[in-house]
Amino acid sequence: METIQLRHTNDMHSHFGPWPKIKRFLLRKAPANTTVFRFDIGDAIDRLHPLTDATLGKANVAIMNEAKYDAVTIGNNEGLVMPHQDLNHLYDQADFSVLLANMVDGKTKTLPAWAKPYQIFESQAGTKIAVLGMTAPYQETYQTLDWYPEDPEEMLDHYLPEMQQKADITVLLSHLGLPVDQDLAKKYPIDVILGAHTHHVLPNGELDNGTWLAAAGRYGDYVGEVTLEVDDQHQVQEVSVVAHKTAELPAEPGDAEITEDIAQEGIEMESTEMVTTYPAEISPDQQTDDCLKALQDFYQIPVAVCSSGLFLMNLPAGPKSRYDFLKDMPHTIQPMLLTIKGRDLKAWLAEYDQKAEKLRTERIKGSGFRGSVFGEMKMTGLSKDEFNQYNYMGRDIVDDEDYQVATLDHYRWLDFFSMLDEAPAKIALDVFLREMMADYYQKQEEGAVTITV
């Protein structure tokens, strides 16, 4: 008999506070006759953190190298928050494998050069473990960045028989979410699915149709461990799954200094990079008005919509650093050119009017938003006539006509405003809100802003 341990993390989102404890857990000495493998299941990075933002995730990879991960897969925070070329170089210095079976590079029409669909690992006693990685297939958004996701079930149909021929145990690194994991467990003979994406915690795992599911929550609150007892014929005889609470792991002197040093390095890098200047301090309310102008300038159309909750603090007078904009607009929210039917535009505006008072203090979580409340939605080019009906550039909105609105993808991903879900949209996935705003202020300072009216 031998023991195999799968130690795993997921959805860290650049929360380095628990990292010293997690690193020690991942590296702790294994008991006798035990082989340890270490995996991360995606969303390790988040450009909310200044060091991640400054290095486009490369600092995260260097930190992960210290924990001797064997393999990782990517989440949407790796795949969707960086330009295509930057993702292509995120793992240049990685000491671990990147496993990603369900993504094609639009430029090469093959899997990314930095990834492979699966890998065979071997224990000390010769048990072979085939590990495959997959990420959430956001079709529309990934294709904007010239990545083409493939259906997870089609990939399992293709790779799983091959993996089963080559290995004794099959493991899926799944950044697909718990409902998908449960569905795959019912359809495919996978031994272990290490899950992520929906930030779920399975304290002692979940056994579905012979497949063990494990997951460790988010932000490093937990670290996962799957223990497999394997006989001399390399067959699994017993499985135990534990998601350990990181807060209950032992601390050591210097842990706080380690995490502070990580944060301070990023702050120093971003604070020294000045992106624009402006003579006066700019309040969040003024930034909301400026966001409308920035969207008009970015898309060169006269109609724009944005909300005040996106702006968290005053921007200082004088020179403004990259870190000033990160603190004020830490979101992974991007400009969006929306093409919408008149009837849906009217429905959107009517729904906002109905919810406006509530939305001023409505707490918003997820989908790239890193603020607190929605706030007030402001607009330009859309106004009400004497009959209290909305006009588009002073003209009646016609149900069957198409209208363009310069706005932000934030409103497409919220649970309300469902009429925006299917409307054609072009999202500028290589530009964050804060980068668009910094560029607008710099152009304004240079007198180079142009707004089509």
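1. In what order do the six strands of the open sheet with β4 and β14 run? The order is β4-β3-β2-β1-β13-β14, and the pairing is mixed. The edge strands are β4 (97-98) and β14 (236-245). Each of these two pairs on one side only. Please keep in mind throughout that this is a predicted model.

2. Look next inside that sheet. Strand β1 (residues 2-9) runs parallel to strand β2 (residues 34-40), and seven bridges join them. Take glutamine 5 as a marker: its bridge partner in β2 is valine 36. Helix α1 packs on the sheet. It touches β1, β2, β13 (222-230) and β14. The direction of α1 makes about 160° with that of β1.

3. There is another open sheet of six strands, in the order β6-β7-β9-β10-β12-β11. Its pairing is mixed. At the edges stand β6 (118-122) and β11 (206-208). Each has a single partner strand, so one side of each is left without a neighbour in the sheet. From one strand to the next, the twist averages 25°.

4. Start at the β6 edge. β6 pairs with strand β7 (residues 128-135) in the antiparallel sense, over five bridges. Phenylalanine 121 stands opposite isoleucine 129 of β7. Helix α7 (residues 152-166) lies across β6, β7 and β9 (169-175). It runs at about 170° to β7.

5. Now go to β12. Four of its five residues are buried, so to speak of it as mostly covered is fair. β10 and β12 run parallel and are joined by four bridges. Valine 192 stands opposite tryptophan 212 in β12. β11 and β12 run antiparallel, with three bridges between them. Here aspartate 208 stands opposite threonine 211.

6. The link between β11 and β12 deserves a look. The two strands form a hairpin with two residues between them. Asparagine 209, in the turn, has a positive phi of about 55°. Helix α8 (residues 178-187) lies across β9, β10 (192-195), β11 and β12 (211-215). Its direction is at about 165° to β12.

7. Helix α9 (residues 255-271) has 17 residues. From first C-alpha to last it reaches 24 Å, close to the 24 Å expected at 1.5 Å a residue. Which residues of α9 are buried? They are Asp255, Thr259, Ile262, Ala263, Gly266 and Glu270. Seen down the axis, these buried residues fall within an arc of 85°, so they line one face of the helix. An α-helix has 3.6 residues a turn, so residues three or four places apart point the same way. Ala256 and Asp261, on the other side of α9, are exposed.

8. What do the buried residues of α9 pack against? The partners are α1 (19-27), α2 (50-55), α3 (58-66), β17 (318-321) and α11 (322-328). In one of these, strand β17, lies glycine 318. Glycine 318 has 16% relative accessibility and counts as buried. Threonine 276 is 42 residues away from glycine 318 in sequence, yet 8.4 Å away in space, C-alpha to C-alpha. Leaving aside neighbours within four places in sequence, glycine 318 is in contact with Thr276, Thr277, Tyr278 and Pro279.

9. Aromatic rings come next. A search of the whole structure finds 17 aromatic pairs. In one of them, the rings of phenylalanine 374 and tyrosine 411 have their centres 5.9 Å apart and their planes at 65°, so the pair is edge-to-face. This pair links distant parts of the chain, 37 residues apart. Phenylalanine 374 sits in the loop between α12 (342-359) and β19 (377-380), and tyrosine 411 in helix α13 (residues 410-413). Relative accessibility is 1% for phenylalanine 374 and 0% for tyrosine 411, and both count as buried.

10. Phenylalanine 374 also pairs with phenylalanine 417. Their ring centres are 6.2 Å apart and their planes are at 65°, so this pair too is edge-to-face. Phenylalanine 417 is in the loop between α13 and β24 (425-427), 43 residues from phenylalanine 374. Both phenylalanines are buried. Elsewhere, ring pairs link Tyr69, Tyr91, Phe96, Trp114 and Trp147 into a cluster.

Technical notes
Residues numbered from 1 in each chain as written. Predicted model: local features only at pLDDT ≥ 70, side-chain atom pairs only at ≥ 80, totals over all residues. Heavy atoms only, no water. Pairing = 2+ DSSP bridges. Axes fitted to C-alpha atoms, helices over the stretch in contact; angles between N-to-C directions. Contact = heavy atoms within 4.5 Å. Expected span 1.5 Å × (residues − 1). Buried < 20%, exposed > 50% of the residue type's maximum accessible area, 1.4 Å probe, protein only. Arc of directions from axis to C-beta. Phe/Tyr/Trp six-rings, centres within 6.5 Å; stacked < 30°, edge-to-face > 60°.
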